[in-house]
Amino acid sequence: MEGQAYTERVLAEILPELQPDLVIANAENAVHGRGLNRRAAERLYEGGVEIITLGNHAWDQRELMEVIEEDTRIVRPLNYPGRPPGRGWTVCKVGQRPVMVVNVMGRTFLSQLDCPFQAVDDLLSVHRDIRHVIVDFHAEVTSEKIAMGWHLDGRVSAVLGTHTHVPTADERVLPKGTGYITDVGMVGPRDGVLGMEREAVLRRMRTQLPTRFTVAPGPCQFHAVLLDLSDETGRALSVSRIARYEQD
Ligand SMILES: [Fe+2]
């Protein structure tokens with residue numbers, strides 16, 4: 001089953017049970033493993049997703065440059081230099097409370113964007129009134145993500161890592177009340193290499209020749225985290241991993 005269809009299936013199962021106040025998805029690779037377009041975003045909204053974050057594949061579908069200008073539910077990395085299309089944060093309402101969702105990208109082995117630590121500091125300094133802030137830190141290395149968790153502990157509700165496609169087993173609430181996980185994981189093929197067809201990846205790694213990657217066939221995996229936040233303070237009460245696996 002393709003990743004989007006599996007997302008719809010799992011969300012239809014778990015949302016009625018969990019009844020979350022807000023559903024956020026990193027969907028930088030929702031279009032057959034490359035980028036996001038209008039149709040892919042619509043499918044996620046129909047399935048129950050309310051806010052979409054991105055990452056280093058934000059612009060893989062050219063259409064997104066227009067879509068992101070119109071759709072305030074889509075958030076691209078905050079720390080681009082200059083003035084890229086769209087926004088690096090958005091605010092939605094849960095009940096009467098504002099919730100800010102931020103997407104920011106790491107630099108180690110990944111990008112040459114502006115300093116992610118400074119970018120988040122600057123943003124928080126002008127939005128001191130918002131207590132519920134969820135940061136998707138899209139980064140490659142565990143050290144940079146852990147450092148961001150400590151940097152923001154006590155100042156945001158959660159720092160959730162994305163990008164490596166592999167969930168980590170370090171979910172916790174940091175001492176000053178920020179929910180943290182180094183990587184949430186992915187939704188998509190279980191038996192490829194980060195979702196791509198494994199023979200092609202191996203061919204490229206072993207020969208160093210150009211090789212076309214396609215999405216791997218076979219059963220899917222679904223990874224997410226459930227965050228419980230204090231209504232009053234915005235601090236995290238718990239972080240728990242969710243994993244589902246399609247049967248062969
Ligand atoms: Fe990524």
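Biologist: Before I look at anything else, what volume does the second largest pocket have?

Modeller: In this predicted model, the second largest pocket has a volume of about 180 Å³.

Biologist: Which residues line the second largest pocket, and how many of them are nonpolar, polar or charged?

Modeller: A lining can be read as a list of residues and then by class. Here the list runs through Leu-124, Ser-125, His-127, Arg-128, Ile-130, Arg-131 and Val-133, and it also includes Gly-154, Arg-155, Thr-233 and Arg-235. Sorted by class, the lining has four charged residues, four polar ones and three nonpolar ones.

Biologist: Let me turn to the metal. Which residues coordinate the iron ion, and at what distances?

Modeller: For a metal site, one reads the donor atoms, then their distances, then their angles. The iron ion is coordinated by OE of Glu-28, OD1 of Asn-56, NE2 of His-138 and ND1 of His-163, at 2.0 to 2.2 Å. Along the sequence, the spacing of these donor residues is E-x27-N-x81-H-x24-H. The pair Glu-28 and Asn-56 links distant parts of the chain, 28 residues apart, with Glu-28 in the loop between β1 (24–26) and α2 (38–47) and Asn-56 in the loop between β2 (51–53) and α3 (64–70).

Biologist: Why is the arrangement of the four donor atoms around the iron ion irregular?

Modeller: The angles decide the matter. Four donors count as tetrahedral if all angles lie between 85 and 135 degrees, and as square planar if opposite donors are over 155 degrees apart and all others between 65 and 115. The four donor atoms around the iron ion subtend angles of 87 to 154°, and therefore the arrangement is irregular.

Biologist: Are Glu-28 and Asn-56 buried or exposed?

Modeller: Relative accessible area under 20% means buried, and a value over 50% means exposed, with partly exposed in between. Glu-28 has a relative accessible area of 3%, so Glu-28 is buried, whereas Asn-56, at 26%, counts as partly exposed.

Biologist: Next, how should I read charged pairs, and how many salt bridges does a search of the whole structure find?

Modeller: Side chains of opposite charge can pair when their charged atoms come close. A search of the whole structure finds 11 salt bridges, and I will go through a few of them. Glu-46 and Arg-39 meet through their side chains in a salt bridge, at 3.8 Å from N to O; Glu-46 is exposed because its relative accessible area is 58%, while Arg-39, at 49%, counts as partly exposed.

Biologist: Which residue forms a salt bridge with Asp-71, and is Asp-71 buried or exposed?

Modeller: The partner is Arg-73, with the closest N and O atoms 3.0 Å apart. Asp-71 has a relative accessibility of 9% and so counts as buried, whereas Arg-73, at 35%, counts as partly exposed. In another salt bridge, Asp-191 pairs with Arg-190, and here the closest N and O atoms are 2.9 Å apart. Asp-191, at 29% relative accessibility, counts as partly exposed, and Arg-190, at 30%, also counts as partly exposed. Salt bridges can also share partners, and in this way Glu-2, Glu-8 and Arg-43 are joined into one network.

Biologist: What about the backbone: what phi does Gln-19 have, and where is Gln-19 placed?

Modeller: Most residues other than glycine have a negative phi. Gln-19 is not a glycine, yet its phi is positive, at about 45°. Gln-19 sits in the loop between α1 (3–18) and β1, and with a relative accessible area of 61% it is exposed. Gln-208 also has a positive phi without being a glycine, at about 65°. Gln-208 is found in the loop between α6 (198–207) and β11 (220–229), and it is exposed, with a relative accessible area of 64%.

Biologist: Finally, how far apart in space are Gly-3 and Gln-221?

Modeller: Separation along the chain and distance in space are read side by side. Gly-3 and Gln-221 are 218 residues apart in sequence, and their C-alpha atoms are 8.2 Å apart in space. Gly-3 lies in helix α1 and is partly exposed, with a relative accessible area of 22%. Leu-64 and Trp-150 are 86 residues apart in sequence and 33 Å apart in space, again from C-alpha to C-alpha. Leu-64 belongs to helix α3, and at 0% relative accessibility Leu-64 counts as buried.

Note on methods. Residues numbered from 1 in each chain as written. Predicted model: local features only at pLDDT ≥ 70, side-chain atom pairs only at ≥ 80, totals over all residues. Heavy atoms only, no water. 1 Å grid on protein atoms, 1.4 Å probe; cavity = no way out; pocket = protein on both sides within 12 Å on 5 of 7 lines; lining within 4 Å. Points joined across faces, edges and corners; volume = space filled by probe spheres on them. Nonpolar A, V, L, I, M, F, W, Y, C, P; charged D, E, K, R; others polar. Donors = N, O, S within 2.8 Å, 3.2 Å for Na, K, Ca; no water. Tetrahedral: all angles 85-135°; square planar, octahedral: opposite > 155°, others 65-115°. Helix = DSSP H or I, 4+ residues; strand = E, 2+ residues; numbered from the N terminus. Buried < 20%, exposed > 50% of the residue type's maximum accessible area, 1.4 Å probe, protein only. Salt bridge = Lys/Arg side-chain N within 4 Å of Asp/Glu carboxyl O.
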